[in-house]
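Student: Please take me through one part of this model up close. I would like to see how a surface-facing stretch relates to what lies beneath it. Keep the cut-offs explicit.

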Amino acid sequence: MSEQDYWYAWYAYAAGAFLVLISTWQFTKFIRFDVLRNLLRIAAVIVLLTPHSVQEGETWLAPALFVTVLDVLLLDNADWQRSVLTMLVLLVISVVFCLLLRSKPKPPPKSKARRVPTKVS
């Protein structure tokens, strides 16, 4: 694979991941519980966009999800754990960060009742 093919593959993957993230955003906008909605969105971003080296010691990167799947299917050793560990650490950090910055409850909406001005004499 040439370097140009490598970058074309990344561009195609980035476009596809962007479309999946847009649809994930649309599907989760109806979830009322803010923490769950944000965690699902963060998990989708982490699973789709975490890069990992294809082989140890190489500079070529690929999405960690695909590295894990190919390592599980094609290799008998425990190489798949290295990319899973990367995604797991990022998920734990994002869960802690999301819970620390949890949004405060929204105040109740103001009444739209019209106020009648009173005459001051």
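**A loop residue and its surroundings**

Tutor: L75 sits in the loop between α3 and α4 (80-100). Helices (H or I, at least four residues) and strands (E, at least two) are DSSP runs, numbered from the N terminus. This is a predicted model: local features need pLDDT of at least 70, side-chain atom pairs count only at pLDDT 80 or more, and totals for chains, interfaces and linings use all residues. Residues are numbered from 1 along each chain as its sequence is written, and side-chain values use heavy atoms, with hydrogens and water left out.

L75 counts as partly exposed because its relative accessibility is 35%. The classes are these: buried is under 20% relative accessible area, exposed is over 50%, and partly exposed is in between (1.4 Å probe, protein chains only).

L75 belongs to a nonpolar surface patch, together with V69, L70, V72, L73, L74 and W80. Their joint accessible area is about 660 Å². The areas come from the Shrake-Rupley method with a 1.4 Å probe; for residues, only the protein chains shown count as cover. Patch members have over 30% relative accessible area and no salt bridge; nonpolar side chains (Val, Leu, Ile, Met, Phe, Trp, Tyr) are joined within 5 Å, like charges within 9 Å. Helix α3 (residues 64-74) supplies the largest share of the patch, with five residues.

Now turn α3 over. Its buried residues are A64, V67, T68 and D71. They cover an arc of only 100° around the axis, so they lie on the same side of α3. That arc is taken over the directions from the helix axis to the C-beta atoms. In an α-helix there are 3.6 residues a turn, so residues three or four places apart point the same way. L73 and L74 are exposed, on the face of α3 turned away from its buried side. Cover for the buried residues includes β1 (51-53), β2 (61-63) and α4. Contact here means heavy atoms within 4.5 Å.

A64 shows that packing at residue level. A64 lies in α3 and is buried because its relative accessibility is 0%. Beyond residues up to four places away in sequence, A64 touches T50, P51, H52, S83 and M87. T50 is 14 residues from A64 along the chain, with 5.6 Å between their C-alpha atoms.

Two of those partners, S83 and M87, also appear among the buried residues of α4, alongside R82, S94 and C98. These cover an arc of only 145° around the axis, which puts them on the same side of α4. On the face turned away, L85, I93 and L100 are exposed. The cover over the buried residues of α4 includes α2, β1 and α3. The 21 residues of α4 should span 30 Å at 1.5 Å a residue, and the end C-alpha atoms are 31 Å apart, which agrees. The expected span is 1.5 Å times one less than the number of residues.

Next, α2 (residues 34-49). It buries D34, V35, R37, R41, A44, I46 and L48. These pack against α1 (3-28), β2 and α4. Its 16 residues should span 22 Å, and the end C-alpha atoms are 22 Å apart, which agrees.

Charged side chains are in that list too. Side chains of opposite charge can pair when their charged atoms come close. A salt bridge is a side-chain nitrogen of Lys or Arg within 4 Å of a carboxyl oxygen of Asp or Glu. By that rule there is one salt bridge. It joins the side chains of D34 and R37, at 2.4 Å from N to O. Both residues are buried. They are three residues apart in α2, about one turn of the helix.

From α1, take A17. A17 is buried because its relative accessible area is 3%. Setting aside neighbours within four places in sequence, A17 contacts L48 and L49.

Finally, the wider frame. The protein chain has four helices and two strands, in the order α-α-β-β-α-α. Of its 121 residues, 22% are buried. Among contacts with a separation of 6 or more, 51% join residues 24 or more positions apart. The accessible surface comes to about 10000 Å², and 68% of it belongs to carbon and sulfur atoms.
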